There are 2 protein chains.
Amino acid sequence: MKITITGIYQTKFGELWDQSLEDLIRESALGALKDAHTSLKHIDAIYIANKLSGWVGGQNHLGSVVAEILGVNLPIISVEAACASGGVAIHQAALAIESGRYHQVLVIGAEKMTDIDNSFVAEALMGAASGPERETGITFPGLYGLMARAYMHQYGLTREDLALVPVKSHHHASLNPLAHFPFPVTKEQVLASSLVADPLRLLDCSGVSDGAAALVLSAKNPKSQVSLIGSGMATDTISLMGRSTLTSIPATKLASQLAYQEAGVKPSDVNLAEVHDCFSIAEVIAMEDLGFSPIGEGISLVKDGQTQLGGTCPINTSGGLKGCGHPVGATGIKQAVEIVKQLRGQATGRQVKRAHVGLTHNVGGSGGTAVVNIFTK
Amino acid sequence: MKITITGIYQTKFGELWDQSLEDLIRESALGALKDAHTSLKHIDAIYIANKLSGWVGGQNHLGSVVAEILGVNLPIISVEAACASGGVAIHQAALAIESGRYHQVLVIGAEKMTDIDNSFVAEALMGAASGPERETGITFPGLYGLMARAYMHQYGLTREDLALVPVKSHHHASLNPLAHFPFPVTKEQVLASSLVADPLRLLDCSGVSDGAAALVLSAKNPKSQVSLIGSGMATDTISLMGRSTLTSIPATKLASQLAYQEAGVKPSDVNLAEVHDCFSIAEVIAMEDLGFSPIGEGISLVKDGQTQLGGTCPINTSGGLKGCGHPVGATGIKQAVEIVKQLRGQATGRQVKRAHVGLTHNVGGSGGTAVVNIFTK
């Protein structure tokens, strides 16, 4: 597999009350096309990742909406896989190119979340969780809180050490002008922030954001340098109680094994990664499931500064879901945009040196879907 | 392109109050696997088409739900493209196989519509239409009513002749034990049924149904006889007012041109078709857009009995959306199941003689998405 990424674009993430979903789709699509030095005439198919437009926004025929916005009659496929929508869209776009049927594909991820009643958004987000579990009143912070408690019990992770993850993420976000929360936070601030779902506090949780990102994927383009060389996808039970473990996300392991095998790289070859840190504990578990750390020891990478800019494998240089923001459908695409920026040497102010292999890790729900994509230059 | 259809299954369509969405998914998936003489161990990826599970059913992470129901960790992709969800899922599954990455793919379409408050279902269905048009209070019967009025004005179609379409569909449905409405209706009954959106009456409109259907698609299987030989997809503006015509669905034309070209067949080679007759006028327009009839003359095929069983090109032998029922996500898959049954010679009681090439035509919204698939044995 060798699919070239010829164009990237990310809008500002934040509370974008003056931009509609349509505005964000248009801005990101045209931005990625411009970056790729191409036009819609040379696009064969489009994938659009979004989670809330139907339930919350009243519009669930987004393929046709994109056709109207961009003025095309192309095959346009809407992709929805909870918070993994963006990653799944990239995987689908890769299949489309590999099929030989579509040669250049535009992938858009976009979400509007902030100008809608919060409880309505929360209800729709919980649509990605198991029905019987929701009936207990549990929320995603609650589900990840259970995972955090189990992990802390099993491996001795302390609440104080867990706070180092968002400290690192916010440091990175403070260097990213497109981030929703571009300011540093201290360990003390994390520990003093409101309790959301024990042991997770407000500053352990990713925010609710508007935003969009887009990519142009091409069957070949020798002038461009960055390629997608491995893509793995896996699923698991929608219910957390259906799984054999609370301290690992098996779908991440499976997806990464597929991606590593295809890319012909091992975890130690990865120079930087954007991982799905919807909650701070998720980043610790991801580092282990992705093979960056032995099981139970993920936090030591954070304590040693290895996942910070300047470390051996910087993680979430964009700020991650925590610092950059988490406009659901855009997140998986934004992860890829950040990795491509870094591999191109365009991540001004937060550039990783000697970056050759980058990885994105995108999770839906509490681990019901996972996608791992590996890029190189 | 040559993708073999190795397994098919359709549940009963109807008001299935004793079966949940999960039950329907399980029944259709296992049914298609059994028909294919295979098992989940030999499936590489799954596509699930559904429209209402999120907005209406409170569950929008269906890939993970299917993983839990079937007990697998495969890549499972949820596909939503309004009423064209099933057709788009088949197109995506074809790409997956053509990519060389997945060799045998299960495609499921399932929908629960009848045990939910009707107005809530109607609201969610309207999510497939243009926002500004919905603000006028228009519904899908209204949009297709406008198309019917424009068509009748332009081509002199009479209200009486239009009634022949559902008469034909219900005749076919009366021969299909899986149909939701398996009874004949007369022209007089159509004309005397309640007015829904002038000139469309109750018996011009497809029903609200529960049901599921599934297919197994395989890269190769010399023992099986039916293959997918062409698949075309196109989109158009979500708003009807954005189009240049009310009497044609341009996305159908584009999708069918792509499918015919790929399959190497022309409209006159098609022996039978399942077309998207969400409203009686839609079937007339589809016959023209698909090239079965000159523009403006579609109804003459119906009047001559050519689209009835025994005619030159029977249309909607399943009963169509009108007679068989329209569980939205299942419809596009059910169309393919019916064509494969016919090409295999298994359509007991309604078998088309000398059937070699069959076509399915699936539309989303008022023509914002269209997919045409062509099968042969």
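**View 1. Helix 11 of chain B gives the largest share of the second largest cavity's lining, three residues.** This is a predicted model, and here we're looking into a cavity of about 50 Å³. Helix 11 (280-289) and strand 10 (357-364) of chain B each chip in at least two lining residues. Among the residues around this second largest cavity are B:Tyr144, B:His276, B:Cys278, B:Asp289 and B:His361. Sorted by class, its lining comes out as six nonpolar, three polar and one charged.

**View 2. The largest cavity has a volume of about 300 Å³.** It's one of five cavities of 30 Å³ or more in the structure. Its lining takes in 23 residues, and A:Lys51, A:Asn60, A:Glu80, B:Asn60 and B:Glu80 sit nearest the centre. Polar residues number 14 in this lining, next to five nonpolar and four charged.

**View 3. Helix 3 and helix 14 of chain A pack with their axes 5 Å apart.** Helix 3 covers residues 85-98, helix 14 covers residues 328-344, and the angle between them is about 60 degrees, so the two are oblique to each other. On the helix 3 side, A:Ser85, A:Gly86, A:Gly87, A:Ala89 and A:Ile90 meet A:Gly329, A:Gly332, A:Ile333 and A:Ala336 of helix 14. That contact has four nonpolar and five polar residues, with no charged ones.

**View 4. A turn of 180 degrees lays chain A on chain B.** The RMSD is 0.0 Å and the shift along the axis is 0.0 Å, so the copies are related as by a two-fold rotation axis. In chain A, the C-alpha nearest that axis belongs to A:Ser99, 1.9 Å away. Both copies use the same surface: 100% of chain A's contact residues recur in chain B.

Technical notes. Residues numbered from 1 in each chain as written. Chains lettered and ligands numbered in written order. Predicted model: local features only at pLDDT ≥ 70, side-chain atom pairs only at ≥ 80, totals over all residues. Heavy atoms only, no water. Least-squares fit on C-alpha atoms with pLDDT ≥ 70 in both. Contact = heavy atoms within 4.5 Å. Axes fitted to C-alpha atoms, helices over the stretch in contact; angles between N-to-C directions. Helix = DSSP H or I, 4+ residues; strand = E, 2+ residues; numbered from the N terminus. Parallel < 35°, antiparallel > 145°, perpendicular 65-115°, else oblique. Nonpolar A, V, L, I, M, F, W, Y, C, P; charged D, E, K, R; others polar. 1 Å grid on protein atoms, 1.4 Å probe; cavity = no way out; pocket = protein on both sides within 12 Å on 5 of 7 lines; lining within 4 Å. Points joined across faces, edges and corners; volume = space filled by probe spheres on them.
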